[in-house]
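Subject: Structure handover and findings

Dear colleague,

Please find below the structure that I am handing over to you. My notes on it follow directly after.

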Amino acid sequence: MESQLDHMKDDLTLMANTNYMLVRHYVLDLDVDFKSKVIEGIIVLFFEAGSQYPKTSNSGKECCQSQSDETCKVKACEPCYMPVTTVSACSPKPKYNDFAVCGEGEEDISDKNGNHSNEAQASGISSSKDFCDIQNCGNKDFLLVLDCCDLSVLKVEEVDVAAVSGIEKFTRSAKLTDASKELQNLRNQIVRELVTLPADRWVEQLYYFTRCSQAPGCGELLFTTGTWSLEIRKAGIQTPTDFPHAIRIWYKTKPEGRSVTWTTDQSGRPCVYTMGSPINNRALFPCQEPPVALSTWQASVRTAADFVVLMSGENAAEPVQLQEGILSWYYYVTMPMPASTFTIAVGCWQEVKQQDFTAAIQTNTMFSLPSSQADFRWHEEICGHVEYPCRFQDPAARLQAVIPYRVFTPRCLTECCEEHLLQLIPQCLSAAYTTLGTHPFSRLDVLIVPSNFSSLGMASPHIIFLSQSVLSGGIQLCGTRLCHEIAHAWFGLAIGARDWTEEWLSEGFATFLEDIFWARAQQLSHDEVKGQQELKALLRWRRLRDEVQNSEEELQVLRPKKESTGETSESGASIVKHGLKAEKVFMQVHYLKGYFLLRSLARTIGEASYLSSLRKFVHKFHGQLVLSQDFLCMLLEDIPEQKE
C-alpha cells in the first residue's frame with residue numbers, strides 16, 4: 001500500500017486491507033443492554049487469503065501494510081488518528097436488568113485512546129507503543145486491518161476449528177501431526193473448504209460455521225485500536241496465507257457509538273436501531289467496510305422478552321426462550337453482501353396483522369400478474385456472481401410476484417399502519433415485479449422507526465425502515481416512498497456500487513423507478529401516468545435548481561473521484577469522498593441528477609425498450625458491484641445508434 005491515503009478531513013476512510021485478506025462470513029453472538037446502552041458480545045470472522053500481498057524484501061521495508069504505513073512515517077510510536085466528529089468514552093459494564101441480559105464480560109482495560117497495556121492485561125496483547133516500535137524496527141509480521149471505531153475491543157484470539165467434531169470432512173490431509181505449522185495449515189485449510197462450499201450445501205455450511213464459532217481458542221492475538229481501525233497480528237506470521245483464517249473478537253459498543261441510535265419509540269418504550277450512519281456499521285462490530293468485501297453472516301441476539309429483534313436476515317426469526325424473561329433471536333443470510341447492509345432494530349414493536357384474510361388474498365391475486373416470458377428470457381443465462389442460493393435461478397421464486405411481508409410499528413401507530421400502509425405493500429411489490437422481474441430477496445419486513453429518524457426511508461436486505469411522516473402524508477406519500485425503498489432491492493442492494501461515491505447508481509435508479517412502480521400499483525391510464533410523471537419531474541427540477549444554487553459545487557458531482565473512481569490502494573484501503581460532510585446527508589443532488597439522466601435516456605430510446613434494458617441489466621449484474629460505465633456500456637450495446 002502507498003504510504004498515505006490521499007484524503008481530506010470530510011472524507012470517510014475505509015482502512016480494511018481487503019486485497020490481502022477478505023472476510024467471507026461473520027458469526028455474531030450479542031446481548032443488548034438498554035440500561036447501559038451497550039451491545040456486547042463476540043464476533044467470529046472467517047477469512048479467505050487474497051492474492052495481491054506484496055513479497056517482503058529481506059530488509060523488511062514493506063512490513064507496514066495498512067494505515068500503519070502512515071503511522072510509521074508520521075507518528076512513529078502512536079496509533080494513527082484521523083479526524084473524528086465525536087469523542088469516545090468507555091461504556092459501563094452491562095448487567096442484568098428489566099430490559100435485557102448481558103454477560104458480565106471482561107473488564108475494559110483500554111486507556112482513553114483505545115490502546116491495550118501488557119501491564120494492565122497479562123495476556124500478551126501489546127501496547128500501541130510496542131506495536132509501532134516492532135513495525136518500525138523492520139518486523140515482517142503480517143498485519144490484518146479491520147474497520148472499527150467507537151468500540152471497546154477486549155480480546156482477540158485464533159479459533160481452533162480443527163477441534164470441531166466431524167470437521168474432518170473438510171480436510172484433505174490423511175493424518176495430523178503435532179507440528180504447529182501443519183496444524184496451522186490444517187485450520188486454514190478447513191476454513192478455505194468451508195467458505196467455498198457449493199450453494200446447494202448452504203444449510204450444512206451454516207451448521208459448521210456455528211460449530212466452528214463455538215470451538216475453543218488456540219492462542220491470543222496481538223491487537224491495537226486506532227480512531228478508524230482495529231489492527232491484528234500474530235507473532236512470526238508474515239503472510240495472509242499463514243495468518244489465522246478464523247478469529248474471535250470480544251468487544252462491546254459505546255453508548256455514543258455512531259452506528260446505532262438509542263432512543264424511545266412513539267409509545268415511549270426504549271429501542272435501538274441502525275439508522276444509516278455515514279460511518280456504516282464499524283461502531284457496531286469490527287468488519288471490512290469496503291463494498292468489495294461481500295460476505296454472509298449469521299447472528300444470535302439476546303434481549304428481554306418484551307422486545308422484538310428485527311434484522312436484515314433471510315429468515316423470519318422466531319424467538320427461543322433461554323431463561324425466564326430472556327429470548328434469543330437468530331437470523332442469517334446466504335447472499336454475500338457488504339457489511340454496511342447489516343441492519344438491526346430492537347424494540348417493543350407490534351406486528352400489524354391483516355384483519356380481512358379474504359381481502360388479503362384478493363389483493364395478492366389482483367396484482368400478481370407476471371410480465372410475458374419474453375421479458376425474462378435472461379433467466380436462462382448463468383449468473384455472473386459468486387456462487388450462492390440465487391432466487392434468479394429458482395423457478396418458484398421467478399413466479400413470485402408478491403413475497404411474504406410483515407409490518408411492525410410502535411403500538412400507538414398500529415391503526416394508522418392498518419389504514420395507510422398494509423394494503424399498499426402487495427400492490428407495490430407486484431408492480432415492482434412486473435417492471436423488473438424476480439424479487440432478489442425472499443421476504444420483507446417494514447418497520448415504522450422512531451421519530452428521530454432523519455430520512456423518509458431506508459432499505460436494507462429483507463427490511464425497510466419508514467419514517468412516521470409517510471403515514472401522515474396519506475396514500476400518495478406512503479405509496480411513493482414505499483416504491484422507492486422497494487426499488488433499492490434491485491438497485492443499491494442486489495446490484496451495488498463498487499465505489500460508494502457513485503451513489504446515483506442507487507438513488508438515481510430508485511427515484512426513477514418509484515414513478516414507474518407507483519403508476520402501475522395504482523393502475524393508472526396512460527394519460528394519468530404521463531400527467532403525474534410530468535408534474536413530479538417539474539417539482540424535482542425546481543428542487544434540483546435550488547440545491548445547485550445553494551450548495552458547494554464539489555458536492556454536486558455524480559462522480560467526485562472522476563477517473564480514479566473504483567480504485568483502491570495496494571492493500572484495498574480507500575476513501576469515500578465527502579463521506580463525513582455534514583450537509584451531504586441532507587442533499588438530494590445525486591437522487592435528482594441521476595433521475596434526470598435516466599429519464600432522458602428513457603425518453604430518447606423509448607420507455608418500453610429502456611425498461612427491457614433495465615431488466616437485462618438486473619439479470620446480468622445482480623449479486624455484483626458495478627460502476628457507471630457498466631450500465632452505460634450495456635445500454636449502448638442494445639442501442640448502438642445512440643453511442644455518439
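R282 is buried in this predicted model, with a relative accessible area of 0%. The residue sits in the loop between β11 (270–274) and β12 (295–304). Leaving out residues up to four places away in sequence, R282 touches L12, T13, L14, D147, C148, C149, L151, W228, S259, C287 and E289. One of these, L151, is 131 residues from R282 in sequence, yet the two C-alpha atoms are 8.3 Å apart in space. R282 counts as buried because its relative accessible area of 0% is under the 20% cut-off.

Just before L151 in the sequence is D150, which lies in the loop between β4 (144–147) and β5 (151–159). D150 has a relative accessibility of 6% and therefore counts as buried, the limit being 20%. Its phi is near 55°, a positive value in a residue other than glycine. For context, most residues other than glycine have a negative phi.

**Overall composition**

The protein has 15 helices and 24 strands. Of its 644 residues, 58% are buried. Among contacts between residues at least 6 apart in sequence, 77% join residues at least 24 apart.

**Strand β16 and its partners**

β11, the strand that precedes the loop of R282, pairs with β16 in the antiparallel sense over two bridges. In this pairing V272 stands opposite V346. Strand β13 (residues 308–311) is also antiparallel to β16, with four bridges between them, and here M311 stands opposite I344. Strand β16 itself (residues 344–347) is covered on both faces: I344 and V346 are buried on one side, and A345 and G347 are buried on the other.

**Nonpolar cores**

The largest nonpolar core has 77 residues. Those with the most contacts inside it are L421, F491, Y610 and L614. Helix α11 (residues 504–522) gives the most to this core, with ten residues. Setting aside neighbours within four places in sequence, L421 is in contact with V407, C416, V446, I448, L466, L471, C478 and L482. A second, separate core has 65 residues, including L146, V309, Y331 and I344; I344 is the β16 residue that stands opposite M311.

**Strand β21 and the hairpin**

L466, one of the contacts of L421, belongs to β21, where it points to one side together with I464. I463 and F465 point the other way, and all four are buried. Strand β19 (residues 444–448) runs parallel to β21 and is joined to it by four bridges, with L447 opposite F465. β20 runs antiparallel to β21, again with four bridges, and A459 has I464 as its bridge partner.

β20 and β21 form a hairpin with two residues between them. What is the phi of H462, in the turn of this hairpin? It is about 70°, a positive value in a residue other than glycine. H462 has a relative accessible area of 5% and so counts as buried, being under 20%.

**Cavities**

Rolling a probe the size of a water molecule over the atoms shows where empty space is left. The count comes to eight cavities of 30 Å³ or more. The largest cavity has a volume of about 130 Å³. Of the 16 residues that line it, the closest to its centre are I403, F441, L444, I486 and A489. The elements that give two or more residues to this lining are β20 (457–460), β21 (463–466) and α10 (474–487), so named again here are the two strands that form the hairpin with H462 in its turn. By class, the lining has eleven nonpolar, three polar and two charged residues.

Yours sincerely,

A colleague

Note on methods
Residues numbered from 1 in each chain as written. Predicted model: local features only at pLDDT ≥ 70, side-chain atom pairs only at ≥ 80, totals over all residues. Heavy atoms only, no water. 1 Å grid on protein atoms, 1.4 Å probe; cavity = no way out; pocket = protein on both sides within 12 Å on 5 of 7 lines; lining within 4 Å. Points joined across faces, edges and corners; volume = space filled by probe spheres on them. Nonpolar A, V, L, I, M, F, W, Y, C, P; charged D, E, K, R; others polar. Core = buried A, V, L, I, M, F, W, Y, C linked by side-chain atoms within 4.5 Å. Buried < 20%, exposed > 50% of the residue type's maximum accessible area, 1.4 Å probe, protein only. Contact = heavy atoms within 4.5 Å. Pairing = 2+ DSSP bridges.
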